[in-house]
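Thanks for making time for this today. I would like to walk through one model with you, helix by helix, and then spend a little while on two individual side chains.

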Amino acid sequence: MNSSEMDQQDRNQIIQAIQNGRKIEAIKIYRECTGNNLLEAKNFIEGLTEELREQNPESIPENNSGCGTAALICFICPALSLFYLLIS
């Protein structure tokens, strides 16, 4: 089965997962529906994500690199260390 043979309910589930920022779930659903391998599923989901983003940019979350979390950790660790030194 290929993407053109997916039923509308499966496609809607995939779109909803993409809109909720859950690409891995979307890939899993696609693979279960089509039997395609991981690379084909990843490529399909990435293409669909871009297509949806072009149609309605607000509905698709941006790809985040995770730098914010690293920066937050780099800030919190020294702050907690300083706090610990001040109270001991």
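In helix H2, the residues that come out as buried are Ala26, Ile27, Ile29, Tyr30, Cys33 and Thr34, and I should say straight away that we are looking at a predicted model. If you look down the axis of H2, those buried residues fall within an arc of 165°, so they line one face of the helix. The general background is that an α-helix has 3.6 residues a turn, so residues three or four places apart point the same way. On the face of H2 turned away from that buried side we find the exposed residues Ile24, Lys28 and Glu32, and I would draw your attention to the isoleucine at position 24 being in that exposed group.

What do the buried residues of H2 pack against? They pack against H1 and H3. As for the geometry of H2 itself, its twelve residues should span 16 Å at 1.5 Å a residue, and the end C-alpha atoms are indeed 16 Å apart, which agrees. Just after H2 comes glycine 35, which takes a positive phi of about 80°.

Let me turn to H1, which covers residues 8–19. This helix also has twelve residues, and the distance from its first C-alpha to its last is 16 Å, close to the 16 Å expected at 1.5 Å a residue. Its buried residues are Asp10, Ile14, Ile15, Ala17 and Ile18. Seen down the axis of H1, they fall within an arc of 160°, so here too the buried residues line one face of the helix. Gln8 and Gln9 are exposed, and they sit on the face of H1 turned away from its buried side. The cover over the buried residues of H1 includes helix H2, residues 23–34, and helix H3, residues 38–55.

Both ends of H1 deserve a word. At the N-terminal end, aspartate 7 acts as a cap, with a side-chain oxygen lying 3.2 Å from the backbone nitrogen of glutamine 9. After the helix comes glycine 21, whose phi is positive, near 75°.

How do H1 and H3 cross? Their axes come within 11 Å and cross at roughly 70°, which makes H1 roughly perpendicular to H3. On the H1 side the contact is made by Arg11, Ile14, Ile15 and Ile18, and on the H3 side by Phe44, Ile45, Leu48, Thr49, Glu51 and Leu52.

One of those H3 residues, threonine 49, is worth a closer look. Threonine 49 is buried, with a relative accessible area of 0%, and its side chain reaches the backbone oxygen of isoleucine 45 at 2.7 Å. Leaving aside neighbours within four places in sequence, threonine 49 is in contact with Ile18, Lys23 and Ile60.

The other side chain I promised is arginine 53, which also lies in helix H3. Is arginine 53 buried or exposed? With a relative accessible area of 12%, arginine 53 is buried, and its side chain makes a polar contact with the side chain of glutamate 50, at 2.7 Å.

Stepping back to the whole chain, the protein has four helices and zero strands. Of its 88 residues, 25% are buried. Finally, among contacts with a separation of 6 or more, 51% are between residues 24 or more positions apart.

Methods: Residues are numbered from 1 along each chain as its sequence is written. Side-chain values use heavy atoms; hydrogens and water are left out. Helices (H or I, at least four residues) and strands (E, at least two) are DSSP runs, numbered from the N terminus. The expected span of a helix is 1.5 Å times one less than its number of residues. Buried means under 20% relative accessible area, exposed over 50%, partly exposed in between (1.4 Å probe, protein chains only). The arc is that of the directions from the helix axis to the C-beta atoms. Contact means heavy atoms within 4.5 Å. A polar contact is a pair of N or O atoms within 3.5 Å; within protein, one must be able to donate a hydrogen and the other to accept it, and residues adjacent in sequence count only if both atoms are side-chain atoms. Axes are lines fitted to C-alpha atoms, for helices over the stretch in contact, and angles run from 0 to 180 degrees between N-to-C directions. Angles under 35 degrees count as roughly parallel, over 145 as roughly antiparallel, 65 to 115 as roughly perpendicular and the rest as oblique.
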